[in-house]
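Me: I should like to go through this chain by question and answer. Please reason briefly each time and finish on the value or name requested.

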Amino acid sequence: MATSKEQSFEDFFKSPRRLNRKFWIVTGVIVLFFLVLIFISIDWVFGALVHTRKEVSVPDITKKTVSSALNTLAASNLALKQAGVEFAQDVPSGSVLRQLPQAGTTVREGRVIRVWVSQGDEMAFVPNVVGSNLRAAQLAVRQAGLVVNKVENAYSLTHDKGLIISQSLKADSMVEKGEQIDLVISNGEPPASVILVPNFKNKKLAEATLWASAQNIDLIIKEDEDSLFPNGTIASQTPEGDSQMSPGSSLEITVSRRQVQDDEKVYHLHYEMPQGKNASHVRVLLIDDLGEREMMNEMQQPGSKIDLELPYSGKATVRINVDGILVREREIQ
């Protein structure tokens, strides 16, 4: 009798658990049924909508600008998505290089057409090889993605024999990859019969006058009142330094005749180039109340001395960059 009471008592506590479990199972089956029903309904509705759209032929949008391609696709109720960019020689920058699906493919309205846009020709950074030997110059040119074309020889007052005097592409500029560059190699100082014009930039007029008189060169002097250089300093010359001339030919120089401001001062810059094997590209910048001005941008031989007079107003900063590296910065007042 006791056993029967114990079982009944135990069943009394077990029954709610069983009922609770059955309830959740039935509820889960019902929810799952409705979820499946909803999914089937949505799938059927979207499928019906898609299949009611008209079929259209994908137009050819290659070599069109992106805006023009958008207009062309919109006329066929198609959309555009940029999938990437690539370099291309024959397709202008900003135009469609290729598309997916391809032109002529039949799709339904609303389809997204993926496109790859051209960046134009791949560009290359022109290295500065002036002052380097031929082997080092050829390596630098090749690593930049350019091609050495003609290699010529010429005498030079500033570059030792075997070093590059000049290059046909401007250093630090951007050109198309694969562009050809011509180099000129120094044969050293010229014999007495060959006249080479020195580099008179940043020098005084008297120095150019004495040289022209000694070499029987006709000196043409122009003046520039808007020059950034100190009054009486040569700002430019034609032809450039190291150019070969003959007696009776003309050298044209432009001399600064800038008006001196009331608060203008002059800073005397002296800098000695470090010793080494190759010439270096030197830029001298002056930043003052008038803004940033480039006072020098040329090649200098190892061990050479740079002496400049820099006119400035107010508080100023002088920066010297050698081969693109800031080597000196000085504030002056």
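Me: Is P311 buried or exposed, and what is its relative accessible area?
Reply: The model is a predicted one. P311 belongs to strand β19. Residues under 20% relative accessible area count as buried. P311 is therefore buried, with a relative accessible area of 1%.

Me: How far apart in space are P311 and P230, C-alpha to C-alpha?
Reply: P311 is in contact with several residues beyond its neighbours within four places in sequence, including L228, F229 and P230. Along the sequence, P311 and P230 are 81 residues apart. Their C-alpha to C-alpha distance in space is 6.0 Å.

Me: What percentage of contacts between residues at least 6 apart in sequence join residues at least 24 apart?
Reply: The pair P311 and P230, 81 residues apart in sequence, is in contact. For the chain, the count takes contacts between residues at least 6 apart in sequence. Of these, the share that joins residues at least 24 apart is 70%.

Me: Which residues of the largest nonpolar core touch the most other members?
Reply: Nonpolar side chains in soluble globular proteins tend to be buried together. The largest such core here has 19 residues. Two or more residues come from each of β16 (264–272), β17 (280–288), β18 (291–300), β19 (305–313) and β20 (316–322). The members that touch the most others are V284 and L310.

Me: Which residues does V284 touch, not counting residues up to four places away in sequence?
Reply: V284 is a member of the largest nonpolar core. Its list of contacts also holds charged residues, namely R293, E294 and R319. The others are L269, M295, M296, L308, L310, V318 and I320.

Me: How many residues does the other core have, the one that lies apart?
Reply: This core lies apart from the one that includes V284 and L310. Among its members are I195, L205, W211 and I234. Its number of residues is 14.

Me: Is N202 buried or exposed, and what is its relative accessible area?
Reply: N202 lies in the loop between β11 (195–196) and α4 (205–214). Beyond residues up to four places away in sequence, N202 touches F229, T233, I234, M295, M296, E298 and L308. N202 falls under the 20% limit and is therefore buried, at 16%.

Me: What is the phi of N202?
Reply: Most residues other than glycine have a negative phi. N202 is not a glycine, yet its phi is positive. The value is about 70°.

Me: Is N216 buried or exposed, and what is its relative accessible area?
Reply: N216 is placed in the loop between α4 and β12 (218–224). Its phi is positive, near 60°, in a residue other than glycine. Exposed requires over 50%, so N216 counts as exposed, with a relative accessible area of 52%.

Me: Which residues does S304 touch, not counting residues up to four places away in sequence?
Reply: S304 is in the loop between β18 and β19. It is buried, with a relative accessible area of 18%. Its contacts are Y271, E272 and M273.

Me: Where is P239, which follows a cis peptide bond from T238?
Reply: Most peptide bonds are trans. The bond from T238 to P239 is cis, with omega near 0°, and the bond from L100 to P101 is also cis, with omega near 0°. P101 is in the loop between β3 (96–100) and β4 (106–108). P239 is in the loop between β13 (234–238) and β14 (244–245).

Me: How far is the charged end of R98 from the centre of the ring of W116?
Reply: The charged end of R98 sits over the ring of W116. For this, the limit on the distance to the ring centre is 6 Å. The distance in the model is 4.1 Å.

Me: Over which residues is the pLDDT below 50?
Reply: The mean pLDDT of the chain is 85, and 89% of its residues reach 70 or more. One stretch with pLDDT below 50 has zero contacts in the model beyond near neighbours in sequence. That stretch is residues 1–7.

Definitions and conventions: Residues are numbered from 1 along each chain as its sequence is written. This is a predicted model: local features need pLDDT of at least 70, side-chain atom pairs count only at pLDDT 80 or more; totals for chains, interfaces and linings use all residues. Side-chain values use heavy atoms; hydrogens and water are left out. pLDDT is the predictor's confidence in each residue, from 0 to 100. Contact means heavy atoms within 4.5 Å. A nonpolar core is a set of buried Ala, Val, Leu, Ile, Met, Phe, Trp, Tyr and Cys residues joined through side-chain atoms within 4.5 Å. Buried means under 20% relative accessible area, exposed over 50%, partly exposed in between (1.4 Å probe, protein chains only). Helices (H or I, at least four residues) and strands (E, at least two) are DSSP runs, numbered from the N terminus. A charge sits over a ring if NZ of Lys or CZ of Arg is within 6 Å of the ring centre and within 35 degrees of the ring normal.
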